[in-house]
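Trainee: Could you take me closely through the side-chain pairings in this model, beginning with the aromatic rings? I would like each term explained with its cut-offs as you go.

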Amino acid sequence: MPLSDLTCTLAAIGLHPVKSCGALAPRQALLTETGLDLDREWMVVDPHGEMLTQREHPRMALIRPTLRLSDLLLKAPGMLGLHLSLEAVESPTRVRVWDDIVKAWDMGSLAAQWFTDFLGTPARLVRFDPDERRLADRRWTGEHEAPTAFADGFPLLVSSTASLAELNQRLADGGHAPVGHDRFRANLVLDGLTAFDEDHVDELLIDADGGPVRLKFVKPCSRCQIPNVDPASAGTGAEPGATLAAFRADARVGGAVTFGMNAIVLDGVGRTLRVGQTARATLKF
């Protein structure tokens with residue numbers, strides 16, 4: 001049965017310019033059809049174009065981005081800063097992100113050497129080709145075409161403060177340290193819901209600058225080992241994954257452990273999302 005007009009607020013925004021590297025927490029972000037502008041627009045690959053992530057290279061968590069007026073600045077321990085122009089790329093290429101082979105632009109030899117030196121393995125940096133159209137899985141989006149860039153599968157990932165608080169209480173009960181939202185790499189964090197209400201959201205209507213933004217929640221986010229990587233140190237452990245596994249198996253995704261919901265954009269492309277905006281959620285059970 002549907003329940004309408006559950007009110008919440010946009011508590012935080014997460015922007016991840018380079019897939020699997022550090023995050024930004026801007027106060028506002030422009031919404032595009034592929035999600036937040038510049039989110040997961042760059043990706044690190046091996047010499048064969050296969051993506052590299054924190055799953056195999058947890059040190060990627062230590063690569064910290066700063067967005068400036070005309071460039072993206074990347075910093076990492078022991079490395080000089082790498083400046084990437086927002087307006088320039090080098091040569092066309094093709095790369096793989098999960099099962100999709102897509103057009104991209106190589107960012108050149110300097111960026112390749114920087115990532116190779118820091119990760120200790122041959123690597124290159126690529127940028128998503130804006131002429132490419134990579135669609136989210138229609139088994140989950142139904143009648144809607146939902147383009148993405150280098151995100152794992154969907155334009156947006158949404159979680160809530162209440163869900164994190166519930167997880168942290170369970171971690172504390174087990175004698176473990178709390179974790180932050182950065183472990184889960186969400187784009188939007190909602191406040192005012194009860195724990196895991198987002199599991200049952202059908203649509204979210206945000207009162208954004210210039211008009212409403214309408215999002216549809218389509219798939220629970222199955223979790224791998226990346227939340228077990230500490231973003232501050234790149235250290236790895238069993239938590240919070242072990243605690244999540246004890247209570248977050250989701251039958252909708254074959255019993256996988258989930259946290260957060262993947263969402264697609266139905267309306268509002270070109271509008272600005274801002275921390276503090278109010279939203280109304282329609283729930284479906």
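**Side-chain pairings, ring by ring and charge by charge**

Mentor: If rings of Phe, Tyr and Trp (its six-membered ring) are taken to pair when their centres lie within 6.5 Å, the count comes to 6 aromatic pairs. One of them joins F184 and F259, whose rings are stacked, with 4.1 Å from centre to centre and 20° between the planes; planes under 30 degrees apart count as stacked, those over 60 as edge-to-face, and the rest as tilted. This pair links distant parts of the chain, 75 residues apart, since F184 is in the loop between helix 3 (161-173) and strand 14 (188-191), while F259 is in strand 18 (residues 256-267). Helices (H or I, at least four residues) and strands (E, at least two) are DSSP runs, numbered from the N terminus.

Before going further, please keep in mind that this is a predicted model, in which local features need pLDDT of at least 70 and side-chain atom pairs count only at pLDDT 80 or more, whereas totals for chains, interfaces and linings use all residues. Residues are numbered from 1 along each chain as its sequence is written, and side-chain values use heavy atoms, with hydrogens and water left out.

Both F184 and F259 are buried, where buried means under 20% relative accessible area, exposed means over 50%, and partly exposed lies in between (1.4 Å probe, protein chains only). Together with F196 and F247, these two residues form one aromatic cluster. F247 also has a charged partner, as the charged end of R170 sits over its ring, 3.8 Å from the centre; a charge sits over a ring if NZ of Lys or CZ of Arg is within 6 Å of the ring centre and within 35 degrees of the ring normal. A further case is K219, whose charged end sits over the ring of W140 at 5.5 Å from its centre.

M261 lies in strand 18 as well, and with a relative accessible area of 2% this methionine is buried. Leaving aside neighbours within four places in sequence, M261 is in contact with a set of residues that includes L156, V158, F217, C221 and K219, contact meaning heavy atoms within 4.5 Å. The C-alpha atoms of M261 and A186 are separated by 9.0 Å, although their positions lie 75 residues apart along the chain.

Turning to the charged pairs, side chains of opposite charge can pair when their charged atoms come close. With a salt bridge taken as a side-chain nitrogen of Lys or Arg within 4 Å of a carboxyl oxygen of Asp or Glu, the structure holds 20 salt bridges. Among them is the one between R55 and D152, at 3.2 Å from N to O. R55 lies in the loop between strand 4 (42-45) and strand 5 (64-67) and D152 in the loop between strand 12 (147-148) and strand 13 (156-160), so this salt bridge ties together parts 97 residues apart in sequence. D152 is partly exposed, at 41% relative accessible area.

R124 and D106 meet in another salt bridge, at 2.6 Å from N to O. Because R124 belongs to strand 10 (residues 124-128) and D106 to strand 9 (residues 100-106), the pair ties together parts that are 18 residues apart in sequence. R124 is partly exposed, with a relative accessible area of 30%, whereas D106 is buried at 8%.

K216 forms a salt bridge with D202, the closest N and O atoms being 2.6 Å apart; K216 is in strand 16 (residues 211-222) and D202 in strand 15 (residues 201-208), 14 residues apart. K216 is buried at 18% relative accessible area, and D202 also counts as buried, at 16%. Elsewhere, E33, R133, R138 and E145 are linked in a network of salt bridges.

Finally, the cysteines. If a disulfide is a pair of cysteine sulfur atoms within 2.5 Å, the count comes to 0 disulfides. C21 is in none, the nearest cysteine sulfur being that of C224, 15 Å away, and C21 is buried, with a relative accessible area of 1%. The sulfur of C224 has its closest cysteine sulfur in C221, at 8.2 Å, which is too far for a bond; C224 itself is partly exposed at 33%.
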